Amino acid sequence: MKDMRDFIAEAEKAGILKRIKAKVDWNLELSHIAKLNEEQQGPALLFENVKDYKTPVITSVCTTTERLALIMGLPKDSSLTDLYKEWARLGENLVPPKWVDAAKAPCKENILKGKKIDLYKFPVPHYYPLDGGRYFGTAHFIISKDPDTGWVNLGTYRSQLLGKNKLGTQFIKGKHADIMLKKYQAMGKPMPVASVVGCDPLLFILGAARVSAFVSEYDVAGALRGEPVEVVRGETVDLPIPAHAEIVVEGEVDANKFMDEGPFGEYTGYYSGVGTDPRNFIDVKCITHRNNPIMWGTTVGRAVTDTHMTMALSYGATLWQQLLAMKIPGLKAVYCPPEGSGRFLAIISMKQMYPGHVDQVLTASISTEMGAYGLKTVIVVDEDIDPWDIPRVMYALSFRFQPNRCQVIKRGRSTPLDPSLPINAREITGRLLLDATIPYEWKEKPIPIELDKEMVKRVKARWSELGL
Ligand SMILES: Cc1cc2nc3c(=O)[nH]c(=O)nc-3n(C[C@H](O)[C@H](O)[C@H](O)COP(=O)(O)O)c2cc1C
Ligand SMILES: [Mn+2]
């Protein structure tokens, strides 16, 4: 899968994408159709007739595990946990991007500079009534380069449409684009960036993934695809751009300049701020796009949407990868439920091998790079329980869990978006470690009730005779 058009073709063939031919308004209507469709686990939607526009909008690309499996090129009945295991296996061998001929690159089919720059040319949705405006960048990512090392970062940071040639940004403190921007600021220079909308969906998933600092998301995409991402240089920025991107906005962010931005409905289901805030913005210098460019949007908002599924995939896969890297024996599987955006709650199943083994896994999970940021609750279950089988996890929490064996960690790094904390005190979170296993060291373990094997056979043979 090289680009959004490959995704559309494959998803349509698999019956998990629908074209909407009826006229739909970009102002609230489109997003509401997408959101309600996502709540019922509906197909990806390609809106072909958007009011005031001639070009299409796609939504709901990542909303189901089946579509995530399609994007990763894995069987349609894969579970999220299966996807984590493949991600961890493939992600080991980084593959850097490959430079290709810009003259033939689809993303250069139209090049707009100077007076021709107009972001209103694209059907940018307005998602929720209380949003501060239209959001150009949702299912997109911003490319930037570290001025010291040349490390190229892809990060998904929302972008509000603030004018013909102005896009808002919100780089939360410590995010990779924020780290880079501070370096440009110290050098007294603006940071060159490119916002990419519409491309191989895996690149967006990686834009929102918590890939370690100094590692390029491009190289991880190459590893997961098994072949390099094809890139070309920007027109006005010295950055690698996906050759097959639908829309590319090139520009500069000056750390000393601000415009009012927000608010925007977050994936927590709440607004993270109380109103608009001054934030840095992209001063657009050039737009390039394919013919009939496909605008890609995602609803964010209340779970479960694309954003939650995307995060449940990449955050869960990364947690699994980082736990494996700690070489703890007995780990069976991890599940990070999309209802918790894959980040606030993790369930781990394991085979216990020694006393304290469960505690090791519990404390290890919140000490991984992934878990150390925002993970609040970890549940460990025995190996006979699949962590994604929530009724069985509830069973373990009812019959194996003991409150006296759970641990509360008082302080850890939080995300500023967590609505369970007061809006002005979201730096620090508590954590809860739940051991829902039968203790390893117990000499006398509860005796499980088993059925008599011979009797089961006999009864099964009589099943239809019994009229069942
Ligand atoms: C739709 C969507 C919107 C997001 N918006 C923001 C945002 O505005 N600011 C931010 O710091 N992170 C945002 N994130 C989370 C980042 O994408 C995520 O933390 C990612 O790791 C950032 O890349 P980095 O690790 O290279 O900094 C968003 C994620 C998604 C899926
Ligand atoms: Mn990064």
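Student: Is Pro 329 buried, partly exposed or exposed, and why?

Tutor: Buried means under 20% relative accessible area, exposed over 50%, and partly exposed in between (1.4 Å probe, protein chains only). Pro 329 counts as partly exposed because its relative accessibility is 32%. This is a predicted model, where local features need pLDDT of at least 70 and side-chain atom pairs count only at pLDDT 80 or more, while totals for chains, interfaces and linings use all residues. Residues are numbered from 1 along each chain as its sequence is written, chains are lettered from A and ligands numbered from 1 in the order in which they are written, and side-chain values use heavy atoms, with hydrogens and water left out.

Student: Where does Pro 329 lie?

Tutor: Helices (H or I, at least four residues) and strands (E, at least two) are DSSP runs, numbered from the N terminus. Pro 329 is in the loop between H8 and strand S19 (331-335). Its C-alpha atom is 9.5 Å from that of Val 361, 32 residues apart along the chain.

Student: What about Thr 318 in helix H8: buried or exposed?

Tutor: Thr 318, in helix H8, counts as buried because its relative accessibility is 7%. A polar atom of its side chain lies 2.5 Å from the backbone oxygen of Ser 314. A polar contact is a pair of N or O atoms within 3.5 Å; within protein, one must be able to donate a hydrogen and the other to accept it, and residues adjacent in sequence count only if both atoms are side-chain atoms.

Student: Which residues come nearest to ligand 1?

Tutor: A residue is near a molecule if one of its heavy atoms lies within 4 Å of it. Of the 19 residues around ligand 1, the nearest are Thr 156, Tyr 157, Gln 170, Lys 175 and His 176. Strand S8 (152-155) and helix H8 (306-325) each supply at least two residues of this shell, and S8 gives the largest share, three residues.

Student: Which polar atoms of Asn 153, Gln 170 and Ala 209 lie by ligand 1?

Tutor: For Asn 153, a polar side-chain atom lies 2.9 Å from an oxygen atom of ligand 1. For Gln 170, a backbone N or O atom lies 2.6 Å from a nitrogen atom of the ligand. For Ala 209, a polar backbone atom is 3.0 Å from an oxygen atom of ligand 1. The protein covers 94% of the 620 Å² of accessible area that ligand 1 has on its own (Shrake-Rupley method, 1.4 Å probe; for residues, only the protein chains shown count as cover).
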